Amino acid sequence: MSMLERAEAAERKMAEDLERAVVKSAIYTSGERDPREGAPPRPPGKKVMMGADPRLPKMPDKPTLFDFFTLRFGPTQHMLQSARLAQKNGLPEHLVMACLVHDIGVAGFIRGDHGYWAAQLMEPYIDEEASWAIRYHQALRFFPDESVGYAYPKSYIDLFGADYVPDPYIQRDYQYARNHKWYMSSRQICVNDLYAFDANVKVELEEFTDVVGRNFKQPKEGLGFDASPSSHMWRTIMWPTKYL
Ligand SMILES: [Fe+2]
Ligand SMILES: [Fe+2]
């Protein structure tokens, strides 16, 4: 094919994709719709989305963690500020790495139980203690630790109400983490988290190129195309409307 033919073929493909029906996963609509009703029927004669959604920025063939940061995640300043603060406070680098990604569940995947999701996404690629710390910040954040100056966040009273009581599974996981040898590593995510909301500070992702280079095992096939236990989750973030 000539250059022109290739360009035309790509354009045709784009138009065709745009015409593809998006059938949303049950979890995207559950609540707004009763999931037991099933998804609305696809328009007759239409093919369904089976890969990249043309409404989203194109991902490179071999995506990196930073590609997900810039092309798929929502605002990430909170994590970047948190990582910078962790660095300033002298945390070891693998925990700076943990702070940098501690809320990717919220930024790019699913909010509820975000710490567990983020840990699972990162587990194959970072230090075991770092992913452990991410998982348990989910529970620790609800419980103060005066010994490191961590109080119950005021914003939680505003968000959840003064009478909010964490679910039993969060209390259980808090107790477990409290007695674990890595407790303080996870606690440090909360400590560096709280003060990380500053609208006046702008941190660039590139500030952490070296930290990520040393602490994140970038798969050579691209994130999502390796065969790790969480690569399918990265693909779901990349192709959120894939039919099957
Ligand atoms: Fe968090
Ligand atoms: Fe956070």
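The centres of domain 1 and domain 2, taken over C-alpha atoms, sit 33 Å apart in this predicted model. Domain 1 runs over residues 3-48, and domain 2 covers residues 65-237.

So much for the two parts; here's the whole chain. The protein has 13 helices and zero strands, and reading along the sequence you get nothing but α in the pattern: α-α-α-α-α-α-α-α-α-α-α-α-α. Along its principal axes, the C-alpha trace spans about 65 × 45 × 35 Å. Of the 244 residues in the protein, 30% count as buried. As for contacts between residues at least 6 apart in sequence, 70% of them join residues at least 24 apart.

Here are three of the helices that come up below, with their residue ranges.

| Helix | Residues |
|---|---|
| Helix 5 | residues 93-101 |
| Helix 11 | residues 183-194 |
| Helix 12 | residues 209-215 |

Take helix 5 to begin with. This helix is mostly covered, with seven of its nine residues buried. The buried ones are Leu95, Val96, Met97, Ala98, Cys99, Leu100 and Val101.

Now for Glu206, which you'll find in the loop between helix 11 and helix 12. Is Glu206 buried or exposed? Glu206 is exposed, because just 9 other C-beta atoms lie within 10 Å, and a residue counts as exposed at 12 or fewer. Glu206 can also be placed relative to Gly224: the two are 18 residues apart in sequence, and 22 Å lie between them in space, C-alpha to C-alpha.

Note on methods:
Residues numbered from 1 in each chain as written. Chains lettered and ligands numbered in written order. Predicted model: local features only at pLDDT ≥ 70, side-chain atom pairs only at ≥ 80, totals over all residues. Buried ≥ 20, exposed ≤ 12 C-beta atoms within 10 Å, placed from the backbone. Helix = DSSP H or I, 4+ residues; strand = E, 2+ residues; numbered from the N terminus. Contact = placed C-beta atoms within 7 Å. Domains from an automatic or database assignment.
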